[in-house]
Each structure stands twice: as structure tokens, then as C-alpha cells.
Amino acid sequence: MSEINWYVVRAVSGQEKKIKTYIENEAIRRKLDELIPTILIPTEKITEVRNGKKRVREKSFFPGYIIINADLNNGEVLHLIKSMPGVIGFLGRNNGTSMTPEPLRQSEINRILGVQEEVIIGDNISSSLTFTKGENVKVIDGPFSGFDGAVEEVNEDKKKLSVSVKIFGRSTPVELGYMQVEKLQ
């Protein structure tokens, strides 16, 4: 029985794309591509201006890591990934490195893929959750978790807030969802 899960593979930084291509090609060659349906290198698009010209480039979100959706119960697939040049091992419990793969939880993969978890809230609670401009809130989710800030803008339709958070002594506006903040008493 095949059990396909998501795993994090540690790789030599800067060679993620090359390693991804190696694994894909070798999986096809060995007819194991059905057991490795997806290989991801999470990236973000960065716009920069150089010499007056606007350029968009992709930057790795997690340098040195590749996310693989695979059935590692099949020893051939596990061996294929471990034996690739540039692969260090799997992200695991032994101080972050392990040759024994440990699957990601669904919540972790949703966060990596940018899928927001749906929070089931009754209609009466959802509609009563409102914020006002100037209200103080605490960020409870995301990269700014633990920071306090003041609401600058409220977008009721999208359930989003623009919150002014102090980072290194400067106020910085951050866009957050209603479920990422809680009101301060």
C-alpha cells in the first residue's frame, strides 16, 4: 500500500534546483515518478530596481531545503533521494538532521504552500468579530507573532487588517488576517 506524505530534504544551499531536476529525471528513468508526484522549492518573487530597470527575480524561501511529496515506504524511492549528489539528509529530530525521514504535519505543509487553514466559526461569532481603527492588538500567528500593534486600516470584506507594528524601534505596517490577531484588554 502506497503512503504518500510530505518530507523536507536538506540539500546543499544554492543547488536546490539542480537537485530537484536530478531527482525528477532519475525517478522517471527508474519508473518511480508515480511514487514522487511533487517536488517543491518554495520561492518568493522579489522586485528590485537596478540601473533604473525593474527586475523580478525568484528567491528561495527556505535556502537549503526541498519539500518532496513521496512514498518513502518504498525503499527504492528512499534510496534514490538519499543517494542524490547534494542531498544532506532529511529534516528530523536529531538536531535537525536525520537520514530517517519524518513526514510533515498537514498544518505545516499548508503554511508552506500558503494555504490558510479554514477556521470553522459559527455565523454569529464570525460577524461579531470586528476591529476599529486605533485599537490595540497582539499578533498571535505568522512571522510577527508576539508583537503588539495598533490597527491602522480595517478591510471588512477580506477580513484583513493593516496593523502598525514596532520593529527595531520603527513603526511598520503589516497586513494580517482577523485570525492572526487578538484584541488587547
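Begin by selecting Glu26 and Arg29, whose side chains meet in a salt bridge with an N to O distance of 2.5 Å; a salt bridge here is a side-chain nitrogen of Lys or Arg within 4 Å of a carboxyl oxygen of Asp or Glu. The model is a predicted one, in which local features need pLDDT of at least 70 and side-chain atom pairs count only at pLDDT 80 or more, whereas totals for chains, interfaces and linings use all residues. Residues are numbered from 1 along each chain as its sequence is written, and side-chain values use heavy atoms, with hydrogens and water left out.

Stay with this pair and show helix H1 (residues 16-29), where Glu26 and Arg29 are three residues apart and so separated by about one helical turn. Helices (H or I, at least four residues) and strands (E, at least two) are DSSP runs, numbered from the N terminus. An α-helix has 3.6 residues a turn, so residues three or four places apart point the same way. Colouring by accessibility adds a contrast: Glu26 is buried at a relative accessible area of 16%, while Arg29, at 57%, counts as exposed. Buried means under 20% relative accessible area, exposed over 50%, and partly exposed in between, with a 1.4 Å probe and protein chains only.

Next add Arg30, which forms a salt bridge with Glu26, the closest N and O atoms being 3.0 Å apart; Arg30 is partly exposed, at 28% relative accessibility.

Now move to Lys183 and Glu135, another salt bridge, with the closest N and O atoms 3.6 Å apart. This pair links distant parts of the chain, since Lys183 is in strand S11 (residues 181-183) and Glu135 is in the loop between helix H4 (123-128) and strand S7 (136-139), 48 residues apart. Lys183 counts as partly exposed, at 35% relative accessibility. Returning to the earlier group, salt bridges that share partners join Glu26, Arg29 and Arg30 into one network. The count of salt bridges comes to six.

For the interior, select Ile23, Ile36, Ile66, Ile68, Leu72, Val77 and Ile81, which touch the most other members of the largest nonpolar core, a set of 22 residues. A nonpolar core is a set of buried Ala, Val, Leu, Ile, Met, Phe, Trp, Tyr and Cys residues joined through side-chain atoms within 4.5 Å. At least two residues of this core come from each of S1, H1, S5, helix H2 (75-82) and strand S6 (87-90), and H2 gives the most, with four residues. Centre the view on Ile68: leaving aside neighbours within four places in sequence, its contacts (heavy atoms within 4.5 Å) include Trp6, Val9, Ile23, Ile36 and Ile81. A second, separate core of eleven residues includes Val165, Leu176, Tyr178 and Val181.

Then show helix H3 (residues 106-113), whose buried residues are Glu108, Ile109 and Asn110; these pack against strand S1 (5-11) and strand S5 (65-70).

Finish the local stops at strand S3 (residues 43-50) and strand S4 (residues 53-60), which pair in the antiparallel sense over eight bridges; two strands pair if DSSP finds at least two bridges between them. Glu44 stands opposite Lys59 in S4. The two strands form a hairpin with two residues between them, and Asn51 in the turn has a positive phi of about 50°.

Finally, zoom out to the protein chain, with its four helices and eleven strands, where 30% of the 185 residues count as buried.
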